[in-house]
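Colleague: I've got a chain to look through and would like to talk it over with you. Can we start with how the helices pack?

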Amino acid sequence: MGSLLRSLSAVRWGELRDATGAAAGGIPPLLSRIAYGDEDTARIAIDDLGDAICALGFVVGEATAPTVPFLLELAGSPHVACKAELLDLLGSIYQTDQWHSAASATQDRKHDASYRQQTGWETASRAAVYVGRSVIESVVSSVRPEEATPARKLLQMMDDTLPFPEL
């Protein structure tokens, strides 16, 4: 794998699911394409990865939180293309609240257990992005405005958005 994504094999991808199915078949290869592909390859891989871990741009799943540290690693790497797209994906993940909203709107208690699991995915995903705040702060100082601007936007979102009560 090279120096990037060195700990990718430590995640039990085979036990996780994303929006497209088993995470093992999709997430590690997509992360590798982002890390080592050219700009076009990376851009397509980020789009495909977004579909898998942040479906429709606002629904996270079980594999999202374990993927976030790798997105942060890639966003902080000086040689990875498409940092703006990575930061946008991290921003989408951070601001998701689909499951929390659905759980608070339902009066049907038979769905409580399911929503607890799904709101847990949301909480863990947001926390994983927040933990990477220092990486995002380092990108803000980039001389490339196409990288610094989305990083600044994500930091502002983090400052403006209260964490979920579970955080």
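Colleague: Which residues in α3 meet α4, and which ones do they meet there?

Modeller: From α3 the contact uses Thr-64, Val-68, Leu-71, Leu-72, Leu-74, Ala-75 and Gly-76, and on the α4 side these meet Lys-83, Leu-86, Leu-87, Leu-89, Leu-90 and Ile-93. Sorted by kind, the residues of that contact of α3 with α4 come to ten nonpolar, two polar and one charged. Please keep in mind throughout that this is a predicted model.

Colleague: Noted. At what angle do α3 and α4 pack, and how far apart are their axes?

Modeller: The angle between helix α3, residues 64–76, and helix α4, residues 83–95, is about 150°, and their axes lie 10 Å apart. Because an angle over 145 degrees counts as roughly antiparallel, α3 is roughly antiparallel to α4.

Colleague: Is the crossing of α3 and α4 left-handed or right-handed?

Modeller: The two helices α3 and α4 cross in a left-handed sense.

Colleague: Back to Thr-64 for a second. What does Thr-64 contact, leaving aside neighbours within four places in sequence?

Modeller: With those neighbours set aside, Thr-64 is in contact with Ile-53, Ile-93 and Ser-125. Ile-93 is also one of the α4 residues in the helix contact we just went through. Thr-64 itself belongs to helix α3, and with a relative accessible area of 1% it is buried.

Colleague: Then there's the loop between α3 and α4. Which residue there has a positive phi although it is not a glycine?

Modeller: That would be Cys-82, whose place is in the loop between α3 and α4 and whose phi is positive, at about 65°. Its relative accessibility is 8%, so Cys-82 counts as buried.

Colleague: And Leu-5, what is its phi near?

Modeller: The phi of Leu-5 is near 60°, again a positive value in a residue other than glycine. Leu-5 is found in the segment before β1, and its relative accessible area of 0% makes it buried.

Colleague: Since a cysteine came up, how many disulfides does the count come to?

Modeller: The count comes to zero disulfides, where the rule asks for a pair of cysteine sulfur atoms within 2.5 Å. As for burial, Cys-54 has 3% relative accessibility and therefore counts as buried, and Cys-82, at 8%, counts as buried too.

Colleague: OK, new topic, the other helix pair. How do α7 and α8 pack?

Modeller: Helix α7, residues 133–140, packs against helix α8, residues 145–160, at an angle of about 140°, with the axes 7 Å apart. The two helices are therefore oblique to each other, since an angle has to be over 145 degrees to count as roughly antiparallel. The crossing in which α7 passes α8 is left-handed.

Colleague: What makes up the contact, and how do its residues divide?

Modeller: On the α7 side the contact is made by Arg-133, Ile-136, Glu-137, Val-139 and Val-140, and on the α8 side by Glu-147, Ala-148, Ala-151, Arg-152, Leu-154, Leu-155, Met-158 and Asp-159. The residues of this contact of α7 with α8 divide into eight nonpolar, no polar and five charged.

Colleague: Take Arg-133 from that list. Is Arg-133 buried or exposed?

Modeller: Arg-133 counts as buried, because its relative accessibility is 18% and the cut-off for buried is under 20%. Not counting residues up to four places away in sequence, Arg-133 touches Leu-155, Met-158 and Asp-159. Between Arg-133 and Leu-155, which are 22 residues apart in sequence, the C-alpha to C-alpha distance is 7.5 Å.

Colleague: Let's zoom out. What pattern does the protein follow along the sequence?

Modeller: It reads β-β-α-α-β-β-α-α-α-α-α-α, with eight helices and four strands in the protein. Of its 167 residues, 45% count as buried. Among the contacts with a separation of 6 or more, 66% come from residues 24 or more positions apart.

Colleague: Give me some pairs apart in sequence. How far is Val-59 from Ala-19 in space?

Modeller: Val-59 and Ala-19 are 8.8 Å apart, C-alpha to C-alpha, with their positions 40 residues apart in sequence. Val-59 is found in strand β4 and, at 17% relative accessibility, counts as buried. Another pair is Asp-51 and Asp-18, which are 33 residues apart along the chain and have their C-alpha atoms separated by 8.9 Å. Asp-51 has its place in helix α2, and at 42% relative accessibility it counts as partly exposed.

Terms used
Residues numbered from 1 in each chain as written. Predicted model: local features only at pLDDT ≥ 70, side-chain atom pairs only at ≥ 80, totals over all residues. Heavy atoms only, no water. Axes fitted to C-alpha atoms, helices over the stretch in contact; angles between N-to-C directions. Parallel < 35°, antiparallel > 145°, perpendicular 65-115°, else oblique. Left-handed = near helix turned anticlockwise from the far one by under 90°. Contact = heavy atoms within 4.5 Å. Nonpolar A, V, L, I, M, F, W, Y, C, P; charged D, E, K, R; others polar. Buried < 20%, exposed > 50% of the residue type's maximum accessible area, 1.4 Å probe, protein only.
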